[in-house]
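Subject: Handing over the structure, with notes

Dear colleague,

I am passing this structure on to you, and my notes follow below it. Please have it open beside the text as you read.

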Protein chains: 2
Amino acid sequence: MPIDAVSRIRRFNRAVTAEVGALDTSFLGRGRPLGAARVLNAIGHGRGEVGALRDYLGLDSGLMSRLLRGLEEEGLVVTLPHPGDARRRVAALTEAGRREFAAYEALSNAQASSLVERFPRAEELLRAMDLVATALGRERIAVEECDPRSEAAVHCLTEYYAELGRRLATGFDVALSRDPEAADMMRPRGAFLVALSDGRPIGCVGLKGKGGERAEIKRLWVCPSARGLGLARRLMKAAEDAARNLAITTLRLDSNSALTEALQLYRRTGWVEIDRFNDDPYPDFFFEKRL
Amino acid sequence: MPIDAVSRIRRFNRAVTAEVGALDTSFLGRGRPLGAARVLNAIGHGRGEVGALRDYLGLDSGLMSRLLRGLEEEGLVVTLPHPGDARRRVAALTEAGRREFAAYEALSNAQASSLVERFPRAEELLRAMDLVATALGRERIAVEECDPRSEAAVHCLTEYYAELGRRLATGFDVALSRDPEAADMMRPRGAFLVALSDGRPIGCVGLKGKGGERAEIKRLWVCPSARGLGLARRLMKAAEDAARNLAITTLRLDSNSALTEALQLYRRTGWVEIDRFNDDPYPDFFFEKRL
DNA sequence: CGGATTGTCTGACTTAGGTCAGCGACATGC
DNA sequence: GCATGTCGCTGACCTAAGTCAGACAATCCG
């Protein structure tokens, strides 16, 4: 490791520590200790169960309990017994709690906005931040099954189509491609998987089934800032696992010779080239894999 | 501000908070509270005077004193009276303190290395981190008045002349240009301003006066890595403020048509083109601004 | 010289954050 | 139905961090 790289990273650390510190102190601006503010925000972001809260925030159960009690006394939170297990408790925001949460969200958003607004090369900066966040959050990328019509999935698909348009010599027209029914990419026929880094969708893949033993892999996409991290491979593996889980034995996919990284990945992970199996105008490579 | 940009920044914040947290706890790995570790590191980085330490770390004088006492008891630090002013004290590392400081440095470096090593696209990541650090550190760029013969000023001027040499079709020969006397760019006749990022000079501008109501702007330069951040504009504004402060009412400057960004800046900030007012061989554009 | 100011230190106090043992209510497996 | 484990809560306790008033010595300025 060249010493120069170390000094660059340490400069980054210093810059970022100052910025994060500023965010923390802005949270303190609402007259509540940071711990309580973090709990309030976690609940606002949908983490209701006390156990889940503890894990997420890395707090001791006693401390967690006290913080919740404090928020309850402020009238921001109520805790109710868990419907299925009366030992557990679930915290929820009251009306006042929702207002307070919204105020914190507004603070966060304003801080984020001001950062970009006061920097002239905003898009460049955002791309750099994406890359750094992905690199730092690499161990925390989650692959999850979701509805292909969900917001996260639609985001990925939009990016995917846009990229095809740029990369295929012929351009790409969504209307001309066989757009699978959402139901074909959901249980029980198939599945749709997104990769989430801290909740932000950064990749996807679809498993399109018809109910039989054969299914197709569709819409494999990884966002540019997350490439080179083995995420495509991980998504493909997750899709294969989902296929096995659905008792599917043969997978197929079509692709285009312009997508060289994808073709390389398929060849390296046990896919074999086969004859054309559809008359879609865009693909010119066809693969199969037996599970 | 599109909501998407906000979510990207907030994702970055979360990723970086986790990483910074990991850095903090690694500092705790040496059995010393974070505050004491920070003081030790600041001293190791050459900040000896107690007052300077307090400012840098943002600590109360009582707390600072106690932390120093603790480090003294551990045998890592000695504090001596300041040679010129016996009220002040200067802290220095003992041999054991230097060893401990080296251990902290090694931890920081290892953490930085591991980040890059576990990410396949290292150079790209480093560039992204540089950009983010520059963007975040923008507010911490200080514009200060200094002697035009000081080290920082000379560094900037050397870079400035080198760049003129590259950009002017005719080349540039320092000897042929009217090199103003240092005294013309110092109080009470004028001023010389440098921009410092983390103590490193990254830009400059000179205000050259003769004692009357008219002065000239000279030597506006911004280092390439800091361009696009509005630093030139900020330097010019600081120079104008200094001029007003010196009761100067009319500013002039000469420039060259090869320096397009500079010409654009002048036109946008209230400068008007005037006739040639000197016979210097390099400039071919002349501007004036009334304050 | 004498009063004001500066720089540091000390003691008393507060708050935030965190740990730990044990309790009571509930759940689970045999 | 009982032993065992799980979940959250409580009280007692601890450390780190920070605040504040005042003490004390050195310095500065008129």
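What covers the buried residues of α9(B)? The cover includes β6, α8 (231–245), β7 (250–255) and β9 (285–290) of chain B, where helices (H or I, at least four residues) and strands (E, at least two) are DSSP runs, numbered from the N terminus.

Before the details, some conventions: this is a predicted model, in which local features need pLDDT of at least 70 and side-chain atom pairs count only at pLDDT 80 or more, while totals for chains, interfaces and linings use all residues. Residues are numbered from 1 along each chain as its sequence is written, chains are lettered from A and ligands numbered from 1 in the order in which they are written, and side-chain values use heavy atoms, with hydrogens and water left out.

**Helix α9 and strand β6 of chain B**

In helix α9 (residues 260–268) of chain B, the buried residues are Ala262(B), Leu263(B), Leu265(B) and Tyr266(B); buried means under 20% relative accessible area, exposed over 50%, and partly exposed in between, with a 1.4 Å probe and protein chains only. These residues lie on the same side of α9(B), because they cover an arc of only 160° around the axis, the arc being that of the directions from the helix axis to the C-beta atoms. After α9(B) comes Gly270(B), which has a positive phi, near 90°.

Ile217(B) belongs to strand β6 (residues 214–222) of chain B, and it counts as buried because its relative accessibility is 3%. Leaving aside residues up to four places away in sequence, Ile217(B) touches Val205(B), Gly206(B), Leu207(B), Met236(B), Ala239(B), Leu251(B), Arg252(B), Leu253(B) and Trp271(B), where contact means heavy atoms within 4.5 Å. The C-alpha atom of Ile217(B) is separated by 43 Å from that of Ala86(B), and the two residues are 131 residues apart along the chain.

**DNA strand C**

DNA strand C is surrounded by 21 residues, the closest being Arg66(A), Asp85(A), Ala86(A), Arg66(B) and Arg87(B); a residue is near a strand if one of its heavy atoms lies within 4 Å of it. Of the atoms of DNA strand C that come within 4 Å of the protein, sugar and phosphate account for 69%.

Several polar contacts (pairs of N or O atoms within 3.5 Å) can be listed here. An N or O atom in the side chain of Arg66(A) is 3.0 Å from a base oxygen of DNA strand C, whereas a polar backbone atom of Ala86(A) is 3.1 Å from a phosphate oxygen of that strand. In chain B, a side-chain N or O atom of Arg69(B) is 3.2 Å from a phosphate oxygen of DNA strand C. The largest share of the surface near this strand, 5 residues, comes from α4(B).

**DNA strand D**

DNA strand D is also surrounded by 21 residues, and the closest are Arg54(A), Arg87(A), Asp85(B), Ala86(B) and Arg87(B). Sugar or phosphate makes up 66% of the atoms of DNA strand D within 4 Å of the protein, and bases make up the rest.

A phosphate oxygen of DNA strand D is 2.8 Å from an N or O atom in the side chain of Arg54(A), and a backbone N or O atom of Gly35(B) lies 3.2 Å from a phosphate oxygen of the strand. A base oxygen of DNA strand D, in turn, is 3.1 Å from a polar side-chain atom of Arg66(B). Here α4(A) supplies the largest share of the nearby surface, with 5 residues.

With best wishes

Key:
A polar contact is a pair of N or O atoms within 3.5 Å; within protein, one must be able to donate a hydrogen and the other to accept it, and residues adjacent in sequence count only if both atoms are side-chain atoms.
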